[in-house]
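Here's a walk through the charged pairs, the two ligand sites and a few odd residues. Keep the viewer open as you read.

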Amino acid sequence: MKTILITGGAGFIGSHVVRRFVNNYPNYRIVNLDALTYAGNLENLKDVETADNYIFEQADITDPAKLKQVFEKYRPEGVVHLAAESHVDRSISGPMAFIQTNILGTVNLLTAAKDLWNGNWEGKRFYHISTDEVYGSLGEEGLFFEDTAYDPRSPYSASKASSDHLVRAYFHTYGLPIVISNCSNNYGPNHFPEKLIPLAIHRIQNKEEIPIYGKGENIRDWLFVEDHASAIDVVFHKGGLGETYNIGGNNEWTNIDLIKLLCKIMDEKLGREAGSSEKLITFVKDRAGHDLRYAIDSTKLKTELGWEPSLTFEEGLPKTVDWYLNNEAWLNNVTSGAYQNYFKQQYQER
Ligand code: NAD
Ligand code: TYD
(Lines give C-alpha, C1' and ligand atoms only; values in the text may rest on other atoms or scores of the structure.)
(Ligands and ions follow the chains in the order given, each with its own letter.)
Protein backbone atom coordinates (compact mmCIF):
# COMPACT_ATOMS: atom_id res chain seq x y z
CA MET A 1 0.00 0.00 0.00
CA LYS A 2 1.30 3.40 -0.99
CA THR A 3 1.08 6.20 1.59
CA ILE A 4 0.11 9.67 0.41
CA LEU A 5 0.26 12.60 2.81
CA ILE A 6 -2.28 15.32 2.02
CA THR A 7 -1.82 18.59 3.92
CA GLY A 8 -4.76 20.92 4.55
CA GLY A 9 -7.21 18.07 3.99
CA ALA A 10 -9.76 19.50 6.43
CA GLY A 11 -10.08 22.70 4.39
CA PHE A 12 -12.27 23.53 1.44
CA ILE A 13 -10.31 22.10 -1.51
CA GLY A 14 -8.30 19.64 0.59
CA SER A 15 -11.44 17.85 1.80
CA HIS A 16 -12.56 17.24 -1.80
CA VAL A 17 -9.08 15.97 -2.68
CA VAL A 18 -8.97 13.66 0.37
CA ARG A 19 -12.43 12.26 -0.42
CA ARG A 20 -11.49 11.66 -4.05
CA PHE A 21 -8.23 9.90 -3.18
CA VAL A 22 -9.74 7.81 -0.35
CA ASN A 23 -12.61 6.64 -2.57
CA ASN A 24 -10.77 6.21 -5.86
CA TYR A 25 -7.54 4.69 -4.60
CA PRO A 26 -8.20 1.91 -2.06
CA ASN A 27 -4.56 0.89 -2.56
CA TYR A 28 -3.41 4.23 -1.11
CA ARG A 29 -3.25 4.97 2.59
CA ILE A 30 -4.28 8.63 2.84
CA VAL A 31 -2.86 10.59 5.77
CA ASN A 32 -4.62 13.92 6.18
CA LEU A 33 -2.28 16.30 8.00
CA ASP A 34 -4.01 19.45 9.18
CA ALA A 35 -3.54 21.90 12.04
CA LEU A 36 -7.29 22.60 12.17
CA THR A 37 -7.04 26.37 12.06
CA TYR A 38 -10.31 28.31 11.85
CA ALA A 39 -10.51 27.09 8.21
CA GLY A 40 -10.09 23.40 8.99
CA ASN A 41 -13.34 21.52 9.53
CA LEU A 42 -13.37 17.75 9.93
CA GLU A 43 -17.12 17.76 9.42
CA ASN A 44 -16.21 18.17 5.73
CA LEU A 45 -14.92 14.58 5.81
CA LYS A 46 -17.59 12.82 7.89
CA ASP A 47 -18.37 10.44 5.03
CA VAL A 48 -14.80 9.08 4.78
CA GLU A 49 -13.53 9.31 8.35
CA THR A 50 -14.12 5.61 9.05
CA ALA A 51 -12.61 4.38 5.76
CA ASP A 52 -9.85 1.81 6.25
CA ASN A 53 -7.39 3.73 4.11
CA TYR A 54 -7.87 7.12 5.87
CA ILE A 55 -5.95 8.55 8.82
CA PHE A 56 -6.18 12.01 10.34
CA GLU A 57 -3.10 13.54 11.95
CA GLN A 58 -3.34 16.92 13.64
CA ALA A 59 -0.08 18.76 13.03
CA ASP A 60 1.08 22.26 12.23
CA ILE A 61 3.41 22.61 9.25
CA THR A 62 5.20 25.45 11.02
CA ASP A 63 6.53 22.83 13.50
CA PRO A 64 9.50 21.04 11.85
CA ALA A 65 10.01 18.57 14.73
CA LYS A 66 6.40 17.42 14.54
CA LEU A 67 6.66 17.07 10.75
CA LYS A 68 9.78 14.94 11.08
CA GLN A 69 7.89 12.70 13.50
CA VAL A 70 4.89 12.37 11.16
CA PHE A 71 7.10 11.67 8.13
CA GLU A 72 9.03 8.99 10.01
CA LYS A 73 5.83 7.44 11.35
CA TYR A 74 4.01 7.13 8.01
CA ARG A 75 6.91 7.26 5.52
CA PRO A 76 4.80 8.76 2.69
CA GLU A 77 5.84 8.24 -0.92
CA GLY A 78 3.76 11.17 -2.10
CA VAL A 79 2.86 14.58 -0.66
CA VAL A 80 -0.03 16.70 -1.90
CA HIS A 81 0.43 20.06 -0.20
CA LEU A 82 -2.66 22.22 0.19
CA ALA A 83 -2.29 23.55 3.75
CA ALA A 84 -2.18 27.32 3.65
CA GLU A 85 -3.63 30.50 4.96
CA SER A 86 -5.88 31.28 2.02
CA HIS A 87 -7.95 34.45 2.48
CA VAL A 88 -6.66 37.67 0.89
CA ASP A 89 -8.53 39.96 3.30
CA ARG A 90 -7.00 38.20 6.32
CA SER A 91 -3.55 38.56 4.71
CA ILE A 92 -4.09 42.31 4.54
CA SER A 93 -5.05 42.62 8.20
CA GLY A 94 -2.51 40.05 9.45
CA PRO A 95 0.23 39.04 6.99
CA MET A 96 2.48 37.20 9.46
CA ALA A 97 0.40 34.00 9.66
CA PHE A 98 0.71 33.81 5.86
CA ILE A 99 4.48 34.12 6.00
CA GLN A 100 4.65 31.47 8.74
CA THR A 101 2.39 28.86 7.17
CA ASN A 102 2.70 29.47 3.45
CA ILE A 103 6.44 30.15 3.28
CA LEU A 104 8.09 28.62 6.36
CA GLY A 105 5.57 25.79 6.54
CA THR A 106 6.22 24.86 2.91
CA VAL A 107 10.00 24.85 3.47
CA ASN A 108 9.50 22.65 6.54
CA LEU A 109 7.52 20.17 4.44
CA LEU A 110 10.03 20.22 1.59
CA THR A 111 12.79 19.55 4.10
CA ALA A 112 10.87 16.72 5.80
CA ALA A 113 10.28 15.04 2.40
CA LYS A 114 13.89 15.58 1.29
CA ASP A 115 15.25 14.16 4.55
CA LEU A 116 12.98 11.11 4.47
CA TRP A 117 13.56 10.30 0.79
CA ASN A 118 17.26 11.10 1.10
CA GLY A 119 18.07 11.08 -2.63
CA ASN A 120 16.01 7.96 -3.31
CA TRP A 121 13.54 9.77 -5.56
CA GLU A 122 12.17 6.73 -7.42
CA GLY A 123 8.35 6.62 -7.08
CA LYS A 124 8.32 9.77 -4.93
CA ARG A 125 6.45 12.98 -5.60
CA PHE A 126 5.98 16.33 -3.86
CA TYR A 127 2.98 18.14 -5.32
CA HIS A 128 2.52 21.79 -4.37
CA ILE A 129 -0.92 23.34 -4.90
CA SER A 130 -0.79 27.02 -5.74
CA THR A 131 -2.91 29.83 -7.07
CA ASP A 132 -3.18 31.96 -10.20
CA GLU A 133 -2.87 35.01 -7.92
CA VAL A 134 0.94 34.67 -8.04
CA TYR A 135 0.82 36.09 -11.59
CA GLY A 136 -0.64 39.39 -10.39
CA SER A 137 -3.44 41.32 -12.03
CA LEU A 138 -4.43 41.32 -15.70
CA GLY A 139 -5.84 44.28 -17.62
CA GLU A 140 -8.87 43.79 -19.85
CA GLU A 141 -6.95 41.53 -22.24
CA GLY A 142 -4.64 38.54 -21.90
CA LEU A 143 -4.39 35.32 -19.91
CA PHE A 144 -2.02 33.76 -17.38
CA PHE A 145 0.29 31.13 -18.91
CA GLU A 146 2.67 28.84 -17.04
CA ASP A 147 5.59 31.10 -18.03
CA THR A 148 3.89 34.39 -17.14
CA ALA A 149 6.24 36.36 -14.87
CA TYR A 150 5.27 36.34 -11.21
CA ASP A 151 3.90 39.67 -9.96
CA PRO A 152 2.07 39.01 -6.68
CA ARG A 153 0.42 42.01 -5.09
CA SER A 154 -1.20 40.90 -1.82
CA PRO A 155 0.54 39.37 1.20
CA TYR A 156 -1.38 36.16 0.40
CA SER A 157 -0.24 35.95 -3.22
CA ALA A 158 3.30 37.06 -2.31
CA SER A 159 3.51 34.26 0.26
CA LYS A 160 2.21 31.70 -2.26
CA ALA A 161 4.67 33.01 -4.89
CA SER A 162 7.53 32.61 -2.39
CA SER A 163 6.46 29.05 -1.67
CA ASP A 164 6.33 28.23 -5.41
CA HIS A 165 9.88 29.58 -5.83
CA LEU A 166 11.10 27.48 -2.91
CA VAL A 167 9.46 24.33 -4.27
CA ARG A 168 11.24 24.91 -7.62
CA ALA A 169 14.49 25.63 -5.77
CA TYR A 170 14.29 22.20 -4.08
CA PHE A 171 13.84 20.64 -7.52
CA HIS A 172 16.79 22.43 -9.12
CA THR A 173 19.10 22.33 -6.11
CA TYR A 174 18.43 18.93 -4.58
CA GLY A 175 16.53 17.09 -7.32
CA LEU A 176 13.39 16.73 -5.16
CA PRO A 177 10.69 15.35 -7.52
CA ILE A 178 8.19 18.19 -7.48
CA VAL A 179 5.22 19.29 -9.53
CA ILE A 180 3.19 22.50 -9.14
CA SER A 181 -0.24 23.64 -10.27
CA ASN A 182 -1.70 27.12 -10.17
CA CYS A 183 -5.48 27.25 -10.12
CA SER A 184 -8.09 29.96 -10.50
CA ASN A 185 -10.87 30.72 -7.95
CA ASN A 186 -12.72 27.64 -6.75
CA TYR A 187 -16.36 27.44 -5.67
CA GLY A 188 -18.59 24.63 -4.41
CA PRO A 189 -19.63 22.73 -1.26
CA ASN A 190 -17.70 23.22 2.02
CA HIS A 191 -16.37 26.65 1.08
CA PHE A 192 -15.71 28.72 4.20
CA PRO A 193 -18.28 31.54 4.28
CA GLU A 194 -15.71 34.34 4.40
CA LYS A 195 -15.20 33.89 0.64
CA LEU A 196 -17.46 35.70 -1.84
CA ILE A 197 -19.83 32.95 -3.05
CA PRO A 198 -20.66 31.16 0.25
CA LEU A 199 -20.78 34.54 2.03
CA ALA A 200 -23.34 35.81 -0.48
CA ILE A 201 -25.40 32.59 -0.32
CA HIS A 202 -25.54 32.83 3.47
CA ARG A 203 -26.46 36.50 3.40
CA ILE A 204 -29.16 36.07 0.77
CA GLN A 205 -30.65 33.22 2.79
CA ASN A 206 -30.82 35.52 5.83
CA LYS A 207 -31.94 38.56 3.79
CA GLU A 208 -28.79 40.44 4.85
CA GLU A 209 -26.76 42.93 2.81
CA ILE A 210 -24.32 41.42 0.29
CA PRO A 211 -21.08 43.44 0.47
CA ILE A 212 -19.48 44.03 -2.94
CA TYR A 213 -16.06 45.65 -2.92
CA GLY A 214 -15.68 48.81 -5.05
CA LYS A 215 -17.98 48.74 -8.05
CA GLY A 216 -18.01 44.96 -8.46
CA GLU A 217 -16.06 45.22 -11.71
CA ASN A 218 -13.21 42.90 -10.69
CA ILE A 219 -13.08 39.68 -12.69
CA ARG A 220 -12.36 36.16 -11.46
CA ASP A 221 -12.21 32.85 -13.38
CA TRP A 222 -14.33 30.33 -11.42
CA LEU A 223 -13.85 26.55 -11.32
CA PHE A 224 -16.01 23.98 -9.53
CA VAL A 225 -14.00 22.52 -6.64
CA GLU A 226 -14.48 18.89 -7.70
CA ASP A 227 -13.02 19.79 -11.08
CA HIS A 228 -9.97 21.19 -9.29
CA ALA A 229 -9.75 17.91 -7.35
CA SER A 230 -9.93 15.93 -10.61
CA ALA A 231 -7.15 18.10 -12.07
CA ILE A 232 -5.04 17.50 -8.94
CA ASP A 233 -5.57 13.76 -9.39
CA VAL A 234 -4.37 13.98 -13.01
CA VAL A 235 -1.36 16.20 -12.26
CA PHE A 236 -0.33 14.07 -9.28
CA HIS A 237 -0.35 10.89 -11.38
CA LYS A 238 0.66 12.11 -14.83
CA GLY A 239 2.35 15.50 -14.45
CA GLY A 240 5.99 15.83 -15.50
CA LEU A 241 8.61 16.30 -12.79
CA GLY A 242 9.59 19.92 -12.28
CA GLU A 243 6.59 20.99 -14.39
CA THR A 244 3.91 23.58 -13.72
CA TYR A 245 0.29 23.29 -14.86
CA ASN A 246 -2.30 26.07 -14.88
CA ILE A 247 -5.82 24.99 -13.95
CA GLY A 248 -8.81 27.17 -14.82
CA GLY A 249 -12.45 27.13 -15.70
CA ASN A 250 -12.34 29.40 -18.76
CA ASN A 251 -15.18 31.09 -16.94
CA GLU A 252 -14.70 34.78 -16.28
CA TRP A 253 -17.27 36.77 -14.34
CA THR A 254 -17.33 40.27 -12.91
CA ASN A 255 -18.25 40.07 -9.24
CA ILE A 256 -21.42 42.05 -9.80
CA ASP A 257 -22.67 39.83 -12.65
CA LEU A 258 -21.87 36.72 -10.62
CA ILE A 259 -23.78 37.99 -7.59
CA LYS A 260 -26.75 39.01 -9.76
CA LEU A 261 -26.87 35.49 -11.22
CA LEU A 262 -26.65 34.03 -7.71
CA CYS A 263 -29.51 36.29 -6.56
CA LYS A 264 -31.64 35.11 -9.49
CA ILE A 265 -30.93 31.43 -8.76
CA MET A 266 -31.70 31.89 -5.07
CA ASP A 267 -34.93 33.83 -5.67
CA GLU A 268 -36.12 30.89 -7.78
CA LYS A 269 -35.01 28.22 -5.32
CA LEU A 270 -36.36 30.04 -2.26
CA GLY A 271 -39.62 30.96 -4.00
CA ARG A 272 -38.96 34.66 -3.51
CA GLU A 273 -40.17 37.45 -5.78
CA ALA A 274 -37.87 37.90 -8.81
CA GLY A 275 -35.41 40.72 -8.16
CA SER A 276 -35.85 40.72 -4.38
CA SER A 277 -32.39 39.38 -3.45
CA GLU A 278 -30.62 41.82 -5.80
CA LYS A 279 -31.86 44.61 -3.55
CA LEU A 280 -29.50 43.28 -0.87
CA ILE A 281 -26.42 44.18 -2.95
CA THR A 282 -24.42 46.87 -1.15
CA PHE A 283 -21.28 48.44 -2.56
CA VAL A 284 -18.65 48.83 0.15
CA LYS A 285 -15.10 50.22 0.42
CA ASP A 286 -12.77 48.44 -1.99
CA ARG A 287 -10.16 45.89 -0.89
CA ALA A 288 -6.67 47.47 -0.65
CA GLY A 289 -4.63 46.61 -3.79
CA HIS A 290 -7.63 44.76 -5.26
CA ASP A 291 -6.43 42.80 -8.33
CA LEU A 292 -8.59 43.71 -11.32
CA ARG A 293 -8.69 40.50 -13.30
CA TYR A 294 -7.49 36.87 -13.19
CA ALA A 295 -7.88 34.55 -16.17
CA ILE A 296 -6.10 31.27 -16.75
CA ASP A 297 -5.00 29.51 -19.90
CA SER A 298 -5.10 25.79 -19.08
CA THR A 299 -4.27 24.51 -22.58
CA LYS A 300 -1.14 22.72 -21.34
CA LEU A 301 -3.11 20.63 -18.84
CA LYS A 302 -5.78 19.85 -21.42
CA THR A 303 -3.50 18.94 -24.30
CA GLU A 304 -0.70 17.20 -22.38
CA LEU A 305 -2.66 15.46 -19.63
CA GLY A 306 -6.18 15.34 -21.12
CA TRP A 307 -8.00 17.13 -18.26
CA GLU A 308 -11.32 18.90 -18.84
CA PRO A 309 -13.69 20.49 -16.30
CA SER A 310 -16.90 18.46 -16.01
CA LEU A 311 -19.31 21.27 -15.13
CA THR A 312 -20.16 24.64 -16.60
CA PHE A 313 -20.82 27.51 -14.21
CA GLU A 314 -24.50 27.40 -15.17
CA GLU A 315 -24.53 23.82 -13.82
CA GLY A 316 -22.10 24.23 -10.93
CA LEU A 317 -23.57 27.37 -9.35
CA PRO A 318 -27.15 26.03 -8.86
CA LYS A 319 -25.63 22.75 -7.63
CA THR A 320 -23.59 24.71 -5.10
CA VAL A 321 -26.63 26.68 -3.95
CA ASP A 322 -28.54 23.39 -3.49
CA TRP A 323 -25.71 22.03 -1.36
CA TYR A 324 -25.79 25.05 0.99
CA LEU A 325 -29.59 24.99 1.21
CA ASN A 326 -29.53 21.26 2.00
CA ASN A 327 -26.68 21.56 4.49
CA GLU A 328 -27.87 24.37 6.68
CA ALA A 329 -26.44 22.61 9.74
CA TRP A 330 -22.93 22.74 8.21
CA LEU A 331 -23.27 26.46 7.51
CA ASN A 332 -24.77 27.17 10.95
CA ASN A 333 -22.00 25.21 12.67
CA VAL A 334 -19.36 27.15 10.75
CA THR A 335 -20.89 30.56 11.32
CA SER A 336 -21.52 29.85 15.02
CA GLY A 337 -18.07 28.31 15.51
CA ALA A 338 -19.63 25.03 16.71
CA TYR A 339 -17.67 23.09 14.07
CA GLN A 340 -14.56 23.62 16.15
CA ASN A 341 -16.00 21.27 18.80
CA TYR A 342 -16.36 18.49 16.27
CA PHE A 343 -12.75 17.34 16.48
CA LYS A 344 -12.95 17.24 20.26
CA GLN A 345 -16.13 15.21 20.26
CA GLN A 346 -15.10 12.97 17.42
CA TYR A 347 -11.50 12.26 18.35
CA GLN A 348 -10.53 13.43 21.82
CA GLU A 349 -13.54 12.40 23.88
CA ARG A 350 -13.64 8.84 22.55
P1 NAD B 1 -8.74 26.67 3.23
O2 NAD B 1 -8.37 27.93 3.93
O3 NAD B 1 -10.17 26.32 3.08
O4 NAD B 1 -8.03 25.42 3.96
C5 NAD B 1 -6.72 25.46 4.40
C6 NAD B 1 -6.49 24.24 5.29
O7 NAD B 1 -5.11 24.27 5.70
C8 NAD B 1 -7.33 24.22 6.55
O9 NAD B 1 -7.85 22.93 6.78
C10 NAD B 1 -6.35 24.62 7.65
O11 NAD B 1 -6.67 24.05 8.92
C12 NAD B 1 -5.05 24.07 7.10
N13 NAD B 1 -3.88 24.80 7.62
C14 NAD B 1 -3.70 26.14 7.66
N15 NAD B 1 -2.53 26.43 8.26
C16 NAD B 1 -1.95 25.24 8.58
C17 NAD B 1 -0.74 24.89 9.21
N18 NAD B 1 0.12 25.82 9.65
N19 NAD B 1 -0.44 23.59 9.37
C20 NAD B 1 -1.31 22.63 8.94
N21 NAD B 1 -2.49 22.92 8.36
C22 NAD B 1 -2.81 24.21 8.19
O23 NAD B 1 -8.01 26.76 1.83
P24 NAD B 1 -8.47 26.23 0.40
O25 NAD B 1 -9.31 27.26 -0.24
O26 NAD B 1 -8.99 24.86 0.53
O27 NAD B 1 -7.07 26.23 -0.36
C28 NAD B 1 -6.23 25.09 -0.33
C29 NAD B 1 -4.99 25.36 -1.15
O30 NAD B 1 -5.33 25.67 -2.48
C31 NAD B 1 -4.17 26.55 -0.64
O32 NAD B 1 -2.81 26.23 -0.76
C33 NAD B 1 -4.55 27.68 -1.59
O34 NAD B 1 -3.50 28.61 -1.71
C35 NAD B 1 -4.78 26.92 -2.86
N36 NAD B 1 -5.74 27.53 -3.81
C37 NAD B 1 -6.99 27.91 -3.38
C38 NAD B 1 -7.88 28.45 -4.31
C39 NAD B 1 -9.28 28.84 -3.90
O40 NAD B 1 -10.03 29.37 -4.72
N41 NAD B 1 -9.72 28.57 -2.68
C42 NAD B 1 -7.51 28.59 -5.65
C43 NAD B 1 -6.22 28.18 -6.04
C44 NAD B 1 -5.36 27.64 -5.11
P1 TYD C 1 -12.52 35.99 -2.60
O2 TYD C 1 -13.64 34.98 -2.54
O3 TYD C 1 -12.01 36.56 -1.32
O4 TYD C 1 -11.34 35.36 -3.47
P5 TYD C 1 -9.99 36.08 -4.06
O6 TYD C 1 -9.78 37.37 -3.39
O7 TYD C 1 -8.94 35.07 -3.69
O8 TYD C 1 -10.21 36.19 -5.53
O9 TYD C 1 -13.02 37.20 -3.48
C10 TYD C 1 -13.47 37.01 -4.81
C11 TYD C 1 -13.79 38.40 -5.36
O12 TYD C 1 -14.90 38.93 -4.64
C13 TYD C 1 -12.65 39.38 -5.19
O14 TYD C 1 -12.62 40.24 -6.33
C15 TYD C 1 -13.05 40.19 -3.96
C16 TYD C 1 -14.56 40.18 -4.04
N17 TYD C 1 -15.28 40.21 -2.75
C18 TYD C 1 -16.31 41.13 -2.55
O19 TYD C 1 -16.64 41.94 -3.44
N20 TYD C 1 -16.98 41.12 -1.36
C21 TYD C 1 -16.65 40.27 -0.35
O22 TYD C 1 -17.27 40.32 0.75
C23 TYD C 1 -15.59 39.32 -0.56
C24 TYD C 1 -15.18 38.36 0.52
C25 TYD C 1 -14.94 39.33 -1.79
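A salt bridge here is a side-chain nitrogen of Lys or Arg within 4 Å of a carboxyl oxygen of Asp or Glu. On that basis, a search of the whole structure turns up 14 salt bridges.

Before going further, some ground rules. This is a predicted model, in which local features need pLDDT of at least 70 and side-chain atom pairs count only at pLDDT 80 or more, while totals for chains, interfaces and linings use all residues. Residues are numbered from 1 along each chain as its sequence is written, chains are lettered from A and ligands numbered from 1 in the order in which they are written, and side-chain values use heavy atoms, with hydrogens and water left out.

**Salt bridges**

Three of the bridges are tabulated here, with their N to O distances.

| Positive partner | Negative partner | Distance, N to O |
|---|---|---|
| Arg 287 | Asp 89 | 2.7 Å |
| Lys 114 | Asp 115 | 4.0 Å |
| Lys 264 | Glu 268 | 3.8 Å |

Take the pair of Arg 287 and Asp 89. Arg 287 sits in the loop between strand 12 (281-284) and helix 9 (299-305) and Asp 89 in helix 3, so their bridge ties together parts that are 198 residues apart in sequence. Helices (H or I, at least four residues) and strands (E, at least two) are DSSP runs, numbered from the N terminus. Arg 287 counts as buried, at 19% relative accessibility; buried means under 20% relative accessible area, exposed over 50%, and partly exposed in between (1.4 Å probe, protein chains only).

Lys 264 and Glu 268 are a more local affair: both lie in helix 8 (residues 255-270), 4 residues apart, about one turn of the helix. Lys 264 is exposed at 51%, and Glu 268 is exposed at 56%. Elsewhere, Glu 57, Lys 66 and Lys 73 are joined into one network by salt bridges that share partners.

Glu 57 belongs to strand 3 (residues 54-58) and is buried, with a relative accessible area of 11%. Its side chain also makes a polar contact of 2.5 Å with the side chain of Tyr 74. A polar contact is a pair of N or O atoms within 3.5 Å; within protein, one must be able to donate a hydrogen and the other to accept it, and residues adjacent in sequence count only if both atoms are side-chain atoms.

**Ligand 1**

Which residues come closest to ligand 1? It has 28 residues around it, and the closest are Ile 13, Asp 34, Ser 86, Tyr 156 and Lys 160. (A residue is near a molecule if one of its heavy atoms lies within 4 Å of it.) For polar contacts, a side-chain atom of Asp 60 lies 2.8 Å from a nitrogen atom of ligand 1, and a backbone N or O atom of Gly 11 lies 2.9 Å from an oxygen atom of ligand 1. Taken alone, ligand 1 exposes 840 Å², and the protein buries 96% of that; such areas come from the Shrake-Rupley method with a 1.4 Å probe. Strand 5 provides the largest share of the shell, 3 residues.

**Ligand 2**

Ligand 2 has 18 residues around it, and Glu 133, Tyr 213, Arg 220, Arg 287 and His 290 come nearest. Arg 287 turns up again here: an N or O atom in its side chain is 2.5 Å from an oxygen atom of ligand 2. A polar side-chain atom of Asn 255 lies 2.9 Å from a ligand 2 oxygen, and a polar backbone atom of Tyr 213 is 2.8 Å from an oxygen of ligand 2. On its own, ligand 2 exposes 510 Å², of which the protein buries 96%. Strand 8 gives the most to this shell, with 3 residues.

Arg 220 is part of strand 9 (residues 219-224). Arg 220 is buried yet has no salt bridge, and the nearest side chain of opposite charge, Asp 291, is 5.3 Å away. (Lys and Arg count as positive and Asp and Glu as negative; His and the chain ends are not counted.) Still, a polar atom of the Arg 220 side chain lies 3.1 Å from the backbone oxygen of Asp 291.

**Positive phi**

Most residues other than glycine have a negative phi. Asn 190 has a positive phi, near 70°, and lies in the loop between strand 7 and helix 6. Buried or exposed? Asn 190 is buried, at 8% relative accessibility. Lys 207 also has a positive phi, near 55°, in the loop between helix 6 and strand 8. Lys 207 is exposed, with a relative accessible area of 59%.
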